[in-house]
Amino acid sequence: MGNRLSKIATRTGDNGTTGLGDGSRVGKDSLRVHAMGDVDELNSHIGLLLCEELPPALRDELVSIQHDLFDLGGELCIPGYTLITDVHVARLDTLLAKYNADLPPLKDFILPAGSRGAALAHVCRTICRRAERAIVSLGNSEKINDNPRQYMNRLSDLMFVLSRVLNRFAGGSDVLWEKERKRDV
C-alpha cells in the first residue's frame, strides 16, 4: 500500500461514485457502500469506547474486533472476496460465553444507560445492528458470504453483554426499564 495512500484528495468521487477493491466503480449510495460505511462507523465508535477505562483483557479483545471489522469492510469492498471466516464468528461466541458467565440473568429489560463506557457500548450495539441490516440488504440483492452477517449478529449481542459488564466494572449495575414508571404525559 506504500504509494497507494499518498494522495487522499483524488477527486475521482466527485461524480458520486466510489472505487471498490476490485477496480469497479459504484454509486456512493449503493447498498454495498452503505454496508461498508456502517461497518466503518461502528469501528470508529469502538475506537471511542477504547478511550474509556476498560479491563485490560477487554481492551485487547476490542482492538482485535477493530481489526476484524477492518477486514470485514475489506471483504465488502471486494465483491466475491472472503476475509471473515467461521473462526472469527466462533471467537465472538467464545467471548459471549466468557462475559455472560459472571452476569446475573436478566429478568427485566434494561435501558441503554449507566456508566459512560456502558452507554458507548450500547451505541456500538445499535450501529452494529444497522450495519447488520445493511449487510442483509446487500445479501438480498447480491451474492455475499454468510460470515459477515453472522459476525455482525454476534457482535451486536456481545456489545449488549459488554454494556452490562462495563456497568459493573464502573461500580454500577444494569439500569432497568420500569414498566409502571409514572411518566409526564
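**Entry 1. Overall fold**

How many helices and strands does the secondary structure of the chain come to? I counted five helices and two strands. I note at the outset that the model is a predicted one. Reading from the N terminus, I recorded the order of elements as β-β-α-α-α-α-α.

I then looked up the extent of the chain. Along the principal axes, its C-alpha atoms fill a box of roughly 55 × 45 × 30 Å. The chain has 185 residues, and I found 38% of them buried. I also took the contacts with a separation of 6 or more: 72% of these join residues 24 or more positions apart.

**Entry 2. Helices α1 and α2**

I turned to the pair formed by α1 (residues 31-49) and α2 (residues 56-77). Their axes come within 9 Å and cross at roughly 165°. An angle over 145 degrees counts as roughly antiparallel, so α1 is roughly antiparallel to α2. I entered the crossing of the two as left-handed.

Next I listed the residues that meet. From α1 they include Ala35, Met36, Val39, Leu42 and Ile46, and from α2 they include Leu62, Ile65, Leu69, Phe70 and Leu76. Arg32 and Asn43 of α1 also take part, as do Gln66 and Glu75 of α2. By class I have 13 nonpolar, four polar and two charged residues for the contact of α1 with α2.

**Entry 3. Helices α4 and α5**

I examined α4 (residues 116-141) and α5 (residues 147-169) in the same manner. The axes of α4 and α5 come within 8 Å, with a crossing angle of roughly 170°. The angle makes α4 roughly antiparallel to α5. I recorded the crossing of α4 past α5 as left-handed. The contact of α4 with α5 holds 14 nonpolar, six polar and five charged residues.

**Entry 4. Cysteines**

How many disulfides does the structure hold? I found zero. I then looked up Cys51 and Cys128 individually.

For Cys51, the closest cysteine sulfur is in Cys124, at 11 Å, which is too far for a bond. With a relative accessible area of 62%, Cys51 is exposed.

For Cys128, the nearest cysteine sulfur is that of Cys124, 8.6 Å away, and Cys128 is in no disulfide. I entered Cys128 as buried because its relative accessibility is 0%.

**Entry 5. Glu52**

Where is Glu52 placed? I located Glu52 in the loop between α1 and α2. Is Glu52 buried or exposed? I have Glu52 as buried, its relative accessible area being 17%; the cut-off for buried is under 20%. Setting aside neighbours within four places in sequence, I found Glu52 in contact with Arg59, Arg116, Gly117 and Leu120. Of these contacts, Arg116 and Gly117 belong to the residue range of α4, 116-141.

**Entry 6. Asn147**

I closed with Asn147, which lies in helix α5. Asn147 is buried, at 12% relative accessible area. Which residues does Asn147 contact, leaving aside its neighbours within four places in sequence? I listed Ile84, Thr85, Asp86 and Val89.

I also looked up the separation of Asn147 from Leu72. Asn147 and Leu72 are 75 residues apart in sequence, and their C-alpha atoms are 9.2 Å apart in space. Leu72 is one of the α2 residues entered above for the meeting of α1 with α2.

Terms used: Residues are numbered from 1 along each chain as its sequence is written. This is a predicted model: local features need pLDDT of at least 70, side-chain atom pairs count only at pLDDT 80 or more; totals for chains, interfaces and linings use all residues. Side-chain values use heavy atoms; hydrogens and water are left out. Axes are lines fitted to C-alpha atoms, for helices over the stretch in contact, and angles run from 0 to 180 degrees between N-to-C directions. Helices (H or I, at least four residues) and strands (E, at least two) are DSSP runs, numbered from the N terminus. Angles under 35 degrees count as roughly parallel, over 145 as roughly antiparallel, 65 to 115 as roughly perpendicular and the rest as oblique. A crossing is left-handed if the near helix is turned anticlockwise from the far one by less than a right angle, and right-handed if clockwise. Ala, Val, Leu, Ile, Met, Phe, Trp, Tyr, Cys and Pro count as nonpolar, Asp, Glu, Lys and Arg as charged, and the others, Gly among them, as polar. Contact means heavy atoms within 4.5 Å. A disulfide is a pair of cysteine sulfur atoms within 2.5 Å. Buried means under 20% relative accessible area, exposed over 50%, partly exposed in between (1.4 Å probe, protein chains only).
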